[in-house]
Amino acid sequence: MSSWPSSDTPGASVTLTAPEVQAGQTLFSSSSGYSVLEFIGEGCFGKVAMCQNLATKEMVAVKILKQDLYFIQDAEKEVSILKVISVLNPDHINVVKFFERFEYMGQDCLAFEMLDVSLYDLFQVQNWKPLSLREIRPIAKQLLVALDALKGLGILHTDIKPDNIMFVDKKDQPLRVKLIDFGEAIPASKVRLGLELQPTGYRAPEISLGFPFTEAIDVWGVGCVLAFLYLAQNLFPVDCDYQMMKCMVEFLGQPEDHQLRAGIYTQYYFSEEEAAGISTWRLMTPEEYTAANNVKPEERHTFIALPSSLDDLVNIYPEREATEFEDRRAFVDFMKMLLHLDGDQRISPCQALQQSFITMTHLTGYIENRAYLTTSQIMMSICPMEDSNRVNTCGSKGEATRSFDGTKATVSYDDGPFTGSSDGVPVASSYEEDPPAWYSDGELYSLARDEDPAAWISNGGLDSLACDEDPAAWISNGGLDSLACDEDPAAWISNGGLDSLACDEDPAAWISNGGLDSLARDEDPAAWSSDGGLDSLAFDEDPAAWSSDGAKPTDSTATASSSSGHPKKLLQRIGRFFSRITAPFSCWGSVVEG
């Protein structure tokens, strides 16, 4: 922005405003040109345009900021955070990819990868139908991986809500999400008591009441997001601070008195009373709150009967099968850890990734309904494989040397298995429909309830299964023989010589006379290696890139020669079987044909 003296009035100046960017224009940075195709968002900060990078033909999202010092300073803070995050692979830690910041005709612009719709947008399009736990689980895992990485770098996002979690590509990669909008993020070194952070309805009690706080406030935000996905409605009101606190107390209980005494904002919500020389706290009535704060609380309006406690989430929907009921119980236990009132006792992202709701260990005992577990595992395969440099905070064997405050960030080198919105919208929630009915082009593909999702057909080579066939008995051209329906899939026997496994044996540790070495439980099954000829995968290799015959497309060494004998043939057949199970589902667009 610049000015010059006006010729009409001596000493006066005229402010120059940059012309507004229009569709069809090209924005130029020092290294790229971005053709503006259309505007896809607008807010107090400015506009977001869908553009095409003229050099790469790649679609990008360019945030064009208003010429306001406040927004420019915010952009500088956001870019400083994004530069720290850029030391990690954004695809592996599930955060939006940032390309560059540039100025065009006096306007600040930020270029990001182009994503699809937000979680909130999804519910609007899908008529506010809740997601199933099988859909919620991979979203939860991806968010926790993101928080684990941010914690390792010493960054708090502080603005986690459904609007800031976006699908990468809802048509080709359903359930693949990324965390966006780091405009409110702060480094842990800048944390100060009393900071006003997080949106109403997704705000941790330590922020509302003015307690000391840490990155645990983001874990609280994720807990609120998962509740939103499960209920198709915000767990806590988003339009009134008092109602948010009232619902929190009713649903989770009241913070301990010693915490309330230490809170610098406690007096805005709670009244201290003394009886028999003992001081206690109670939540103010709406009238008391109005008198203390000169603000009248809003009335809360809900469109479904909300539960009175987290435990009631188990029974809020009709029970369909024992396996799903057990999954609900694991989900409730998980939510209790995410929404612990005491931030110091709230579970960390790294610890949360090891809970049974994420790992699905609680489902393995339900032999009578393997389809639920099989489908859950397939849905979890959308989560990206984590590279060997994933930052986490659980302790590790090696360290990185970059974080926001210059300290070392903990990095894991283990090869383990880890790989506001308004209430004013009608809710039409029903679990009569099968929630994992994948959508494409804005529409959900409905699966017949008696159809076995494990029998999805893709060009990757999985043969169709009859609806009453045991999914564990899949037959592929790789040569696994069909199993009788009453046979125990855990004890698969093939003519190739696989020994049967006892039901309590770890399938990942299969041993055959053909030469498969036993795998430790913490080994990555995708990287199995044996002298029989299956090459191990480097951590940065993508198992989804395996060709349909089970070999890596560009690595001829992955294919055992026919002259290498019976053991190698057996290993090839096993390799093809597992690659056919895992690879086609890394891209859901190719899995669901309609």
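The exercises below, each with a worked solution, concern a predicted model.

**Exercise 1. Describe the second largest pocket: its volume, its lining and the elements that supply the lining.**

Step 1. The volume of the second largest pocket is about 1000 Å³.

Step 2. Its lining consists of 35 residues. Nearest the centre of the pocket lie Phe45, Lys63, Asn164, Ile180 and Asp181.

Step 3. Sorted by character, the lining has 18 nonpolar, five polar and 12 charged residues.

Step 4. At least two lining residues come from each of strand S4 (33-43), strand S6 (59-65), helix H1 (69-85), strand S8 (107-113) and helix H3 (119-125). H1 gives the most, with five residues.

Step 5. Domain 1 (25-113) and domain 2 (117-381) each contribute at least three residues to the lining of this pocket.

**Exercise 2. Place Lys63 in the structure, decide whether it is buried or exposed, and list its contacts beyond four places in sequence.**

Step 1. Lys63 belongs to strand S6, and it is among the residues nearest the centre of the second largest pocket.

Step 2. The relative accessible area of Lys63 is 15%. The cut-off for buried is under 20%, so Lys63 is buried.

Step 3. With neighbours within four places in sequence set aside, Lys63 is in contact with Phe45, Lys47, Val48, Glu78, Asp108, Cys109, Leu110, Phe112 and Asp181. Of these partners, Phe45 and Asp181 are also listed nearest the pocket centre.

Step 4. From the record: an unreviewed UniProt entry lists Lys63 under "binding site".

**Exercise 3. For Asp181 and Ala232, give the location, the phi angle and the exposure.**

Step 1. Asp181 sits in the loop between strand S11 (173-179) and strand S12 (186-187). Ala232 sits in the loop between helix H6 (216-231) and helix H7 (241-252).

Step 2. Phi of Asp181 is positive, at about 60 degrees. Ala232 likewise has a positive phi, near 60 degrees. As background, most residues other than glycine have a negative phi.

Step 3. Relative accessibility is 27% for Asp181 and 1% for Ala232. Buried means under 20% and exposed over 50%, with partly exposed in between. Asp181 therefore counts as partly exposed, and Ala232 counts as buried.

**Exercise 4. Which residues does Ile160 touch beyond four places in sequence, and is Ile160 buried or exposed?**

Step 1. Ile160 is located in the loop between strand S9 (155-156) and strand S10 (165-169).

Step 2. Its relative accessible area is 4%, and the limit for buried is under 20%. Ile160 is therefore buried.

Step 3. Not counting residues up to four places away in sequence, Ile160 touches Leu147, Ile165, Leu179, Tyr202, Asp218, Gly221, Val222 and Val225.

Step 4. Pro199 is 39 residues from Ile160 along the chain, and the two C-alpha atoms are 8.1 Å apart.

**Exercise 5. For Glu58, Lys151 and Leu193, set the separation along the chain beside the C-alpha distance to a given partner.**

Step 1. Locate the three residues. Glu58 is in the loop between strand S5 (46-53) and S6. Lys151 is in helix H4 (residues 133-153). Leu193 is in the loop between S12 and helix H5 (205-208).

Step 2. Tabulate the pairs.

| Pair | Residues apart in sequence | C-alpha to C-alpha |
|---|---|---|
| Glu58 and Tyr34 | 24 | 9.5 Å |
| Lys151 and Ala188 | 37 | 8.5 Å |
| Leu193 and Phe211 | 18 | 6.8 Å |

Step 3. Check contacts, leaving aside neighbours within four places in sequence. Leu193 is in contact with Gly210, Phe211, Pro212 and Ile264, so its tabulated partner Phe211 lies within the 4.5 Å heavy-atom limit. The contacts of Glu58 are Cys51, Gln52, Asn53 and Phe99.

Step 4. Add the exposure. Glu58 has a relative accessible area of 36%, and Lys151 has one of 30%. Partly exposed covers the range between 20% and 50%, so Glu58 is partly exposed, and Lys151 is partly exposed.

Technical notes: Residues are numbered from 1 along each chain as its sequence is written. This is a predicted model: local features need pLDDT of at least 70, side-chain atom pairs count only at pLDDT 80 or more; totals for chains, interfaces and linings use all residues. Side-chain values use heavy atoms; hydrogens and water are left out. On a 1 Å grid over the protein atoms alone, a cavity is a set of points where a 1.4 Å probe fits but cannot get out, and a pocket is an open set with protein on both sides within 12 Å along at least five of seven lines; lining residues have an atom within 4 Å of a point. Grid points are joined across faces, edges and corners, and a volume is the space filled by probe spheres set on the points. Ala, Val, Leu, Ile, Met, Phe, Trp, Tyr, Cys and Pro count as nonpolar, Asp, Glu, Lys and Arg as charged, and the others, Gly among them, as polar. Domain bounds come from an automatic or database domain assignment. UniProt positions are given in the numbering used here, feature names are shortened, and annotations may be inferred rather than shown by experiment. Buried means under 20% relative accessible area, exposed over 50%, partly exposed in between (1.4 Å probe, protein chains only).
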